[in-house]
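Reader: Hey, got a minute to walk me through this one? I'd like to get a feel for the metal site before I set anything up.

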Amino acid sequence: QLQVLEVVVFSAPSYACQRRTTLDNHNAILTDALSLLAENAELSGEDGRGVAFRRAAGVLKGLPEPVTAVTQLVGLPCLGGHSLRVVKDILENGASCEVEDTKQSERFKVLKVLTGIFGVGVKTAERWIQEGIRGLQQLQDSGRTLNRAQQAGLQHYEDLNQHVTRSEADAVAAVVEEAVASVLPGARMTLIGGFRRGKLTGHDVDFLITHPEEGREVGLMPKVVSWLESQGFLLYQKTTKNSYLEGEDGPARPSSNMDRFERCFSIFKLTEEVNGEGLKPWRAVRVDLVVSPISQFAFALLGWTGSKLFERELRRWAGHKKAMSLSSHALYDNTQRRYLRASSEEEIFAHLGLEYIPPSERNA
Ligand code: GTP
Ligand code: MN
Ligand code: MN
């Protein structure tokens, strides 16, 4: 019998929202390398290059088996010359000099430490570096004025840079569930973000809250936050207003006089099971809460489930292929000049002319 020695040549559609990407990544070595270059580009203010590396990594995450030669990649979208060179280096030499040099670079390391502080973005980190700050201790000693978020971020730096586990996410969920049920019986809470996609760890825990009766969710966020605060669960919280009102400003424009509180970035004080002496009785965990009226629930659910690349690609698909504007609030058809209603994620995919992709396959 003839032995088939041909290698597989991969193919894939070009938008991440057309592909099914599970957490079962057969090319983690390659995608970790490309993600690191994406992160470095983002930390350098080169967002375009960052997106290009993210898209390349996204394509490789979805391949059904490990890549063994670059020739297998000839037909694939999103893999530019630069990404292919990195892949080739790793396949042929076991590593990419560019990736290794980036990892070792002082600038990258310092930027990662400083932006690792909750509340610190690239611009602030840049400024501190220019002022000679190279690390956390130095920042603390410098007497720099930090805003409330950054103070909390620095204070809980270690906890917040340690992955949240699924069981910790469940413990947070139980608390949020109790808060929601206490302040508004009948309100519903859904786990969103990476944990909804089936991830086993995350950098935070994300929840979406709504009420089946339109309008009942108004004023809900401040009540939930007060309850959590009164029970001692919050180390930090910042609640921001909803910036959207359908019809008033058009599909993407923020409105000025909206008084629904919509989202809350917080740090929870999570009590852990104490299994021995010397263990801290609690730890800090980042938690994001979002409140949505039921009429926007499907859009909020889709928009906050991620991954970030999947979301970006959904909006790009909507705009470029369908002349529609998709947000976490609504879908607007620019040709028909009207909003398209949906009460489930399935309906939104259908409006967009896309096959339905469940959360566990949105891990691009
Ligand atoms: P980890 O938390 O790192 O495990 O991953 P994650 O996928 O949960 O990421 P994250 O918590 O940062 O975000 C969850 C989802 O919410 C992603 O799809 C983001 O695109 C989305 N998201 C984050 N911030 C915003 C925002 O300001 N507005 C909207 N509309 N969506 C956001
Ligand atoms: Mn998250
Ligand atoms: Mn989040």
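**Metals, ligand and strands**

Author: Sure. The manganese ion (ligand 3) and the manganese ion (ligand 2) sit 3.6 Å apart, with D204 coordinating both. Keep in mind that this is a predicted model.

Reader: OK, noted. Which residues coordinate the manganese ion (ligand 3), and at what distances?

Author: D204, D206 and D288 do, each through an OD atom, at 2.1 to 2.2 Å. Along the chain, these donors follow the spacing D-x1-D-x81-D.

Reader: And what are the protein donors of the manganese ion (ligand 2)?

Author: D204 (OD) and D206 (OD), lying 2.0 to 2.1 Å from the ion. D204 is the bridge between the manganese ion (ligand 2) and the manganese ion (ligand 3).

Reader: Is D204 buried or exposed?

Author: Buried: its relative accessible area is 7%. D206 is buried too, with a value of 9%. The cut-off for "buried" is under 20%.

Reader: Good. Switching to ligand 1: which residues come nearest to it?

Author: There are 16 residues around ligand 1, and G194, K199, H203, D204 and R263 come nearest. So D204 turns up here as well as at the two manganese ions.

Reader: What polar contacts are there for K199 and R263?

Author: A polar side-chain atom of K199 is 2.8 Å from an oxygen atom of ligand 1. For R263, a polar side-chain atom likewise lies 2.8 Å from an oxygen atom of the ligand. G194 uses its backbone instead: an N or O atom there is 2.7 Å from a ligand oxygen.

Reader: How much of ligand 1 does the protein cover?

Author: 75% of the 630 Å² of accessible area that ligand 1 has on its own.

Reader: What's the polar, nonpolar and charged split of the shell?

Author: One residue is nonpolar, eight are polar and seven are charged.

Reader: Which helices supply residues to that shell?

Author: α11 (193-196), α13 (297-305) and α14 (308-322) each supply at least two. The largest share is from α13, with three residues.

Reader: Now the strands. Why is β7 largely enclosed?

Author: Nine of the 10 residues in β7, which covers 282-291, are buried, so the rest of the structure largely encloses the strand.

Reader: How does β4 run relative to β7, parallel or antiparallel?

Author: Parallel, with five bridges joining β7 to β4 (residues 205-210). In that pairing I209 stands opposite V291.

Reader: And β6, how many bridges to β7?

Author: Nine, and here the two strands run antiparallel; β6 spans residues 261-271. T271 of that strand is opposite W282 in β7.

Reader: What holds paired strands together in general?

Author: Strands of a sheet pair through backbone hydrogen bonds, in either a parallel or an antiparallel sense.

Reader: Last topic: what's the strand order in the sheet with β8 in it?

Author: β8-β9-β10, an open sheet of three strands with antiparallel pairing. β8 (324-326) and β10 (338-339) each have a single partner strand, so each of these edge strands has one side without a neighbour in the sheet.

Reader: How many bridges between β8 and β9?

Author: Three, with β9 covering residues 331-333. One facing pair is S325 and Y332, the latter in β9.

Reader: Give me the one bit to remember about the metals?

Author: D204 bridges the two manganese ions, ligand 2 and ligand 3, which are 3.6 Å apart, and D204 is buried.

How values were computed: Residues are numbered from 1 along each chain as its sequence is written. Chains are lettered from A and ligands numbered from 1 in the order in which they are written. This is a predicted model: local features need pLDDT of at least 70, side-chain atom pairs count only at pLDDT 80 or more; totals for chains, interfaces and linings use all residues. Side-chain values use heavy atoms; hydrogens and water are left out. Two strands pair if DSSP finds at least two bridges between them. Helices (H or I, at least four residues) and strands (E, at least two) are DSSP runs, numbered from the N terminus. A residue is near a molecule or strand if one of its heavy atoms lies within 4 Å of it. A polar contact is a pair of N or O atoms within 3.5 Å; within protein, one must be able to donate a hydrogen and the other to accept it, and residues adjacent in sequence count only if both atoms are side-chain atoms. Accessible areas come from the Shrake-Rupley method with a 1.4 Å probe; for residues, only the protein chains shown count as cover. Ala, Val, Leu, Ile, Met, Phe, Trp, Tyr, Cys and Pro count as nonpolar, Asp, Glu, Lys and Arg as charged, and the others, Gly among them, as polar. Donors are N, O and S atoms within 2.8 Å of the metal (3.2 Å for Na, K and Ca); water is not among the atoms, so sites may look incomplete. Buried means under 20% relative accessible area, exposed over 50%, partly exposed in between (1.4 Å probe, protein chains only).
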